[in-house]
Amino acid sequence: MTQISVSSPTPFSSLYFISLSSTSLSNPTTKPRLSLLRLTVRARAMASHIVGYPRMGPKRELKFALESFWDGKIGADELQRIASGLRASIWKEMADAGIEYIPSNTFSYYDQVLDTTAMIGAVPPRYGWNGGEIGFDVYFSMARGNATAPAMEMTK
């Protein structure tokens, strides 16, 4: 005959399986044996993750900065400074909210499809790009067009 007892000293920490084996019918001279199997289970706190976050900012700071840049009221350095501060504040806000895995590479000045196009260098010849870094002039010309070339069709 076998009896099984299960106990746990603290929730989720350990499980003890105790079995007591008595004499078997085939060999009546065997002595009862006690065996112990300990299984340890560790509980983990849930981790949090977010896929993305609105990039415009809580007060649409990026939108207003882009419009000012396009109107010539601020330069590229100021646009980059605003965007950098916005990214840092968004990451801090997520961390303060307890998000453990903060996403990266979710920011875009205009559009993720345009970013991918620029990243792989698939700039149509009509924008006059001759290799190297793609600056804001070429980037936003592809997005919005310019006096000599229409905007790209960015179908998602």
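1. Just after helix α4, G145 takes a positive phi of about 85°. This is a predicted model, and the phi value is computed from it. R60 also has a positive phi, of about 55°, although R60 is not a glycine. Most residues other than glycine have a negative phi. R60 can be found in the loop between β3 (33–40) and α1. R60 is partly exposed, with a relative accessible area of 45%.

2. How many of the 9 residues of α4 are buried? The count is 7, so α4 is largely enclosed by the rest of the structure. The buried ones are F136, V138, Y139, F140, S141, M142 and A143. Their packing partners are the helices α1 (61–70), α2 and α3. A student with the structure open can start at α4 and look outward to these three helices.

3. R144 also belongs to helix α4. Is R144 buried or exposed? R144 is partly exposed, because its relative accessible area is 45% and the partly exposed range runs between the 20% limit for buried and the 50% limit for exposed. If neighbours within four places in sequence are left aside, R144 is in contact with W70, Y110 and A151. One of these partners, Y110, is 34 residues away from R144 along the chain, and the C-alpha atoms of the two are separated by 9.7 Å.

4. T117 sits in helix α3. T117 counts as buried, because its relative accessibility is 14% and buried means under 20%. Which residues does T117 touch, not counting those up to four places away in sequence? They are A122 and M152.

5. The largest pocket has a volume of about 580 Å³. Its lining is made by 25 residues, and those nearest the centre of the pocket are F107, S108, Y109, D115 and Y139. The elements that give two or more residues to this lining are α2 (76–96), α3 (112–119) and α4 (136–144). Helix α4 therefore comes up twice in this note: as a largely enclosed helix, and as a contributor to the pocket lining. Y139 links the two points, as a buried residue of α4 and as one of the residues nearest the pocket centre.

6. What kinds of residue line the largest pocket? The lining divides into 13 nonpolar, 8 polar and 4 charged residues. By domain, at least three lining residues come from domain 1 (47–107), and at least three from domain 2 (109–155).

7. The remaining points concern the whole chain. The chain has 4 helices and 3 strands. Along the sequence they follow the pattern β-β-β-α-α-α-α. Of the 156 residues, 22% count as buried. About 11,400 Å² of the chain is exposed, and carbon and sulfur atoms supply 57% of that area.

8. A last point is about contacts across the sequence. Take the contacts in the chain between residues at least 6 apart in sequence: 49% of them join residues at least 24 apart.

Conventions:
Residues numbered from 1 in each chain as written. Predicted model: local features only at pLDDT ≥ 70, side-chain atom pairs only at ≥ 80, totals over all residues. Heavy atoms only, no water. 1 Å grid on protein atoms, 1.4 Å probe; cavity = no way out; pocket = protein on both sides within 12 Å on 5 of 7 lines; lining within 4 Å. Points joined across faces, edges and corners; volume = space filled by probe spheres on them. Nonpolar A, V, L, I, M, F, W, Y, C, P; charged D, E, K, R; others polar. Domains from an automatic or database assignment. Buried < 20%, exposed > 50% of the residue type's maximum accessible area, 1.4 Å probe, protein only. Contact = heavy atoms within 4.5 Å. Areas by Shrake-Rupley, 256 points an atom, 1.4 Å probe, with all protein chains shown as cover.
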